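Subject: Structure handover

Hello,

Here is the structure for you to look over. My notes on it follow below.

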Amino acid sequence: MGVSGGKPGNTPTVLLLGHRGFVGRAVLALASKDLKLSVPEEPFDLLQPADVAATFERVRPSVVLNLIGVLRGDAERMEQVHVQGTRTLIAQCEAHGARL
């Protein structure tokens, strides 16, 4: 599994969001041991910009793999997570020079 980005000669740090979901668990299980993979500390709330900012400060990712998803429930919650949460991630990626 190759990941581009980061400084030449350095292994990029990948922030994996949604690591407890079906796909996220598979990614954790299959990820290369050569990959610097980090998951957020608990509690982590994608809808709390301070949580997202603190995670970016702690991890300093080169790449963010967002596997957070809401598949059931009300439409408002789905929109919050999928739209507002993604906008928060985009802002943090731009601020830290990370790829999403």
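I begin with the charged pairs: the count comes to 3 salt bridges. Please keep in mind that this is a predicted model.

Salt bridges

R20 and E42 join through their side chains in one of these, at 2.8 Å from N to O. This pair links distant parts of the chain, with R20 in the loop between β1 and α1, E42 in the loop between β2 and α2, and their positions 22 residues apart. R20 is exposed, at a relative accessible area of 57%, while E42 is partly exposed, at 48%.

A salt bridge also forms between the side chains of R58 and E41, at 3.4 Å from N to O. Here too the two partners come from distant parts of the chain: R58 belongs to helix α2, E41 lies in the loop between β2 and α2, and they are 17 residues apart. R58 has a relative accessible area of 39% and is partly exposed.

E57 and R60 make a salt bridge as well, with their closest N and O atoms 2.8 Å apart. E57 is partly exposed, at 41% relative accessibility. R60 comes just after α2 and takes a positive phi of about 55°. As general background, side chains of opposite charge can pair when their charged atoms come close.

Strands

β1 covers residues 13-17, and 5 of its 5 residues are buried. T13, L15 and L17 point one way from this strand, whereas V14 and L16 point the other way. That fits the general pattern, since in a regular strand the side chains alternate between the two faces of the sheet.

β1 has two pairings to note. With β2 it pairs in the parallel sense over 3 bridges, and L15 stands opposite S38 of β2. Between these two strands the chain passes through helix α1 (residues 22-30), and this β-α-β crossover is right-handed. With β3, β1 also pairs in the parallel sense, over 4 bridges. In that pairing L17 is placed opposite N66.

Helix α2

Which residues of α2 are buried? They are V52, T55, F56 and V59. Because they cover an arc of only 100° around the axis, they lie on the same side of α2. The general reason is that an α-helix has 3.6 residues a turn, so residues three or four places apart point the same way. The cover over the buried residues of α2 includes β1, β2 (36-38), β3 (63-66) and α3.

Nonpolar core

The largest nonpolar core holds 13 residues, and L15, L17, L46, V52, F56, V64 and L89 have the most contacts inside it. At least two residues of this core come from each of β1, α2 (49-59) and α3 (75-96). In general terms, nonpolar side chains tend to be buried together in soluble globular proteins.

L17 is a convenient residue to start from when you inspect the core. What is L17 in contact with, leaving aside its neighbours within four places in sequence? The list is P40, F44, V64, L65, N66, L67, I68 and L89. Of these, V64 and L89 are also among the core residues with the most contacts, and N66 is the residue opposite L17 in β3.

Regards

Terms used. Residues are numbered from 1 along each chain as its sequence is written. This is a predicted model: local features need pLDDT of at least 70, side-chain atom pairs count only at pLDDT 80 or more; totals for chains, interfaces and linings use all residues. Side-chain values use heavy atoms; hydrogens and water are left out. A nonpolar core is a set of buried Ala, Val, Leu, Ile, Met, Phe, Trp, Tyr and Cys residues joined through side-chain atoms within 4.5 Å. Buried means under 20% relative accessible area, exposed over 50%, partly exposed in between (1.4 Å probe, protein chains only). Contact means heavy atoms within 4.5 Å. The arc is that of the directions from the helix axis to the C-beta atoms. Two strands pair if DSSP finds at least two bridges between them. A crossover is right-handed if, with the strands pointing away from the viewer, the path from the first strand over the helix to the second runs clockwise. A salt bridge is a side-chain nitrogen of Lys or Arg within 4 Å of a carboxyl oxygen of Asp or Glu.
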